[in-house]
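Q: Can you walk me through this structure? I'm new to this, so plain words please.

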Amino acid sequence: MAIVLRPHHQSSTDIWLAICAAVKAACSLANVAGEEVAGLGFAATCSLVAVDADGSPVTVSLSGDSRRNIIVWMDHRAVKQAEKINSSSSPVLQYCGGSLSPEMQPPKLLWVKENLQESWTMAFRWMDLSDWLAYRATGDDTRSLCTTVCKWTYLGHAHMQQVNEKDSRNMEACGWDDDFWEEIGLGDLIDGHHAKIEIPIRVTQLVRVNAEKCGPSKRHMIPVSNSTTDDILNLPGVGG
């Protein structure tokens with residue numbers, strides 16, 4: 001009996017519009033003015049977002065529909081790719097519990113490269129959904145340590161050891177294991193100092209942005225914290 005793995009897609013455009021509506025509605029219901037908003041933060045599932053150099057959606061669907069530019073966290077199309085990655089002897093895996101889930105980003109990226117070559121070539125940024133939301137709000141595409149360590153195999157401990165390093169090239173490479181990306185067939189993500197997947201920053205850093213799009217005030221500048229995944233965000237609430 002064959003098991004059919006149904007693809008699960010979303011639209012980054014639809015998600016952003018829904019967030020804008022939700023934030024404005026929340027402020028209205030709470031009778032809070034835009035100037036009273038102290039800050040914004042984004043948390044989301046480990047869904048993979050693809051956009052081109054202009055920030056426009058790049059399809060991750062075999063249908064070719066560009067609106068479908070997100071592979072949702074629960075999409076298991078990359079089971080074979082995950083098995084291939086897990087069969088490697090990369091020391092990176094010891095920091096991921098010994099293996100990667102098909103819900104994590106390297107298997108999904110490998111699936112896109114193997115099945116959607118045009119999309120693979122077009123994509124200028126590959127981002128976790130929460131990182132993309134922060135990028136959409138700020139224009140700053142720097143990733144967070146939370147998403148890259150938990151879902152992308154970024155070695156956060158190596159990052160923190162060199163966080164005060166003055167040599168930018170050295171800093172850019174400190175948490176990505178280039179041998180790992182080469183070994184699993186995604187060596188092209190190393191190009192341009194990992195430009196398509198970027199490097200993260202400290203989770204405590206704040207970026208000031210204009211809240212015109214997702215807030216009730218067009219002129220109010222508010223801080224946006226680094227993004228996080230929903231599972232990690234829930235830990236404080238359960239005593240983790």
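A: One term to begin with: a residue is buried under 20% relative accessible area, exposed over 50%, and partly exposed in between (1.4 Å probe, protein chains only). This is a predicted model, in which local features need pLDDT of at least 70 and side-chain atom pairs count only at pLDDT 80 or more, while totals for chains, interfaces and linings use all residues. Residues are numbered from 1 along each chain as its sequence is written, and side-chain values use heavy atoms, with hydrogens and water left out.

Q: OK. Which residues of α3 are buried?

A: Gln105, Pro106, Pro107, Lys108, Leu109, Leu110, Trp111 and Val112. Helix α3 covers residues 105-115, and eight of its eleven residues are buried. Helices (H or I, at least four residues) and strands (E, at least two) are DSSP runs, numbered from the N terminus.

Q: And α6, how many of its residues are buried?

A: Six of the eight residues of helix α6 (residues 145-152) are buried, so α6 is largely enclosed by the rest of the structure. Among them are Leu145, Cys146 and Trp152. Just after α6 comes threonine 153, with a positive phi of about 75 degrees.

Q: Switching to strands. What about β3, are its faces covered or open?

A: Both are covered in β3 (residues 48-51). Leu48 and Ala50 are buried on one side, and Val49 and Val51 are buried on the other.

Q: Which strands does β3 pair with?

A: Strand β4 (residues 70-71) pairs with β3 in the antiparallel sense over two bridges. Strand β5 (residues 125-128) also pairs with β3 in the antiparallel sense, over four bridges. Two strands count as paired if DSSP finds at least two bridges between them.

Q: Who faces whom?

A: Valine 49 is opposite isoleucine 70 in β4, and leucine 48 has aspartate 128 in β5 as its bridge partner.

Q: What else is there to say about isoleucine 70?

A: Its C-alpha atom is 8.3 Å from that of histidine 8, although the two residues are 62 apart along the chain. Histidine 8 lies in the segment before β1 (9-10), and counts as buried because its relative accessibility is 17%.

Q: New topic: how many salt bridges are there?

A: Six. The rule asks for a side-chain nitrogen of Lys or Arg within 4 Å of a carboxyl oxygen of Asp or Glu.

Q: Which ones involve aspartate 65?

A: Aspartate 65 forms one with arginine 67, where the closest N and O atoms are 2.9 Å apart. Another joins aspartate 65 to arginine 68 at 3.8 Å, N to O.

Q: Are those three buried or exposed?

A: It varies. Aspartate 65 is buried, at 17% relative accessible area. Arginine 67 counts as exposed at 57%, and arginine 68 as partly exposed at 38%.

Q: Any salt bridge linking distant parts of the chain? Which residues form it?

A: Aspartate 188 and lysine 113 form a salt bridge at 3.2 Å, N to O. Aspartate 188 is in the loop between α9 and α10 and lysine 113 is in helix α3, 75 residues apart. Aspartate 188 is partly exposed at 29%, and lysine 113 is partly exposed at 23%.

Q: Do any bridges share partners? Which residues get joined?

A: Asp65, Arg67 and Arg68 are joined into one network by salt bridges that share partners.
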